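Dear colleague,

I am handing over the structure below, together with an account of what came out of looking through it. Please read the notes alongside the coordinates.

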Amino acid sequence: LPRAEDWQMGLWGATDNMSGLVTHLHLTAWFVMAVTVLRTAAQWRRALGVVLVVGLLSALGAGLQLVVPGVLGPMFADRISGFAGNPVFLGAYHVQALFLAAFLWAREQSKGRAMRAIILMAAAASLLVVLLTGSRGAVLALAVGLGVAGLSGAVLARRWGVVIVAA
């Protein structure tokens with residue numbers, strides 16, 4: 001912070017790139033809180049399931065933007081922005097939702113077909129949203145994540161559940 005070119009930008013950051021000390025402290029506090037509150041595997045599964053449902057609803061909202069342009073605010077050329085209002089934010093959210101869906105799909109082998117079908121729908125919707133946002137960063141993050149998952153699967157893992165966690 002003392003060596004920052006603009007100390008206010010170093011402290012508060014900018015929302016377009018989620019930088020700044022305050023943002024990182026907030027994310028650290030959120031992580032500590034989540035680890036403290038969510039103790040059992042069932043609690044984590046429920047919390048991650050909520051994230052997937054929100055991702056699915058977000059994808060549906062973004063799809064609505066394709067059908068009725070301007071319903072959620074202005075579109076950025078042919079790029080969808082959904083409820084986030086920014087294609088980059090929407091793409092970044094759906095990249096993590098896609099990998100989260102893949103992890104849950106691998107972990108829920110013993111669950112019913114309906115649960116696995118919902119998880120697969122959420123993953124497909126997230127992949128489609130990432131591609132429709134036109135965000136190069138989100139597509140690059142997806143490619144790198146898939147590369148890391150594939151490489152770790154080829155070298156280290158015997159089960160896909162372990163591979164997805166590595167991504």
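Where is Ser135 found? Ser135 sits in the loop between α5 (113-133) and α6 (136-155), where helices (H or I, at least four residues) and strands (E, at least two) are DSSP runs, numbered from the N terminus.

Before going further, please keep in mind that this is a predicted model, in which local features need pLDDT of at least 70 and side-chain atom pairs count only at pLDDT 80 or more, while totals for chains, interfaces and linings use all residues. Residues are numbered from 1 along each chain as its sequence is written, and side-chain values use heavy atoms, with hydrogens and water left out.

As to confidence, the mean pLDDT (the predictor's confidence in each residue, from 0 to 100) of the chain is 80, and 76% of its residues reach 70 or more. Confidence is lowest in helix α7 (residues 160-166), with a mean of 51, and highest in α5, with 90.

The chain has seven helices and zero strands. Buried residues (under 20% relative accessible area, with exposed meaning over 50% and partly exposed in between, using a 1.4 Å probe and protein chains only) make up 29% of its 167 residues. Of the contacts (heavy atoms within 4.5 Å) between residues at least 6 apart in sequence, 50% join residues at least 24 apart.

To return to the loop, Ser135 counts as buried because its relative accessibility is 5%. Leaving aside neighbours within four places in sequence, Ser135 is in contact with Arg79, Pro87 and Val88. Arg136, by contrast, is found in helix α6 and is exposed, with a relative accessible area of 74%. Arg136 and Val88 are 48 residues apart in sequence, and their C-alpha atoms are 8.4 Å apart in space.

Turning to the interior, the largest nonpolar core (a set of buried Ala, Val, Leu, Ile, Met, Phe, Trp, Tyr and Cys residues joined through side-chain atoms within 4.5 Å) has 15 residues, of which Leu52, Val95, Leu104 and Leu142 touch the most other members. Two or more residues of this core come from each of α3 (41-67), α4 (87-107), α5 and α6, and α4 gives the largest share, seven residues. Another core, of six residues, lies apart from it and includes Ala59, Leu90, Ala125 and Val129. As for Leu52, leaving aside its neighbours within four places in sequence, this residue is in contact with Ala97, Ala101, Leu104, Ile119 and Ala122.

In soluble globular proteins, nonpolar side chains tend to be buried together. On the surface of this model, however, Trp30, Phe31, Val32, Met33, Val35, Val37 and Trp44 make a nonpolar patch of about 710 Å². Such patches are made of residues with over 30% relative accessible area and no salt bridge (a side-chain nitrogen of Lys or Arg within 4 Å of a carboxyl oxygen of Asp or Glu), with like charges joined within 9 Å and nonpolar side chains (Val, Leu, Ile, Met, Phe, Trp, Tyr) within 5 Å. Helix α2 (residues 21-37) gives the most to the patch, with six residues. Phe31 lies in helix α2 and counts as exposed because its relative accessible area is 52%.

With best regards

Notes: Accessible areas come from the Shrake-Rupley method with a 1.4 Å probe; for residues, only the protein chains shown count as cover.
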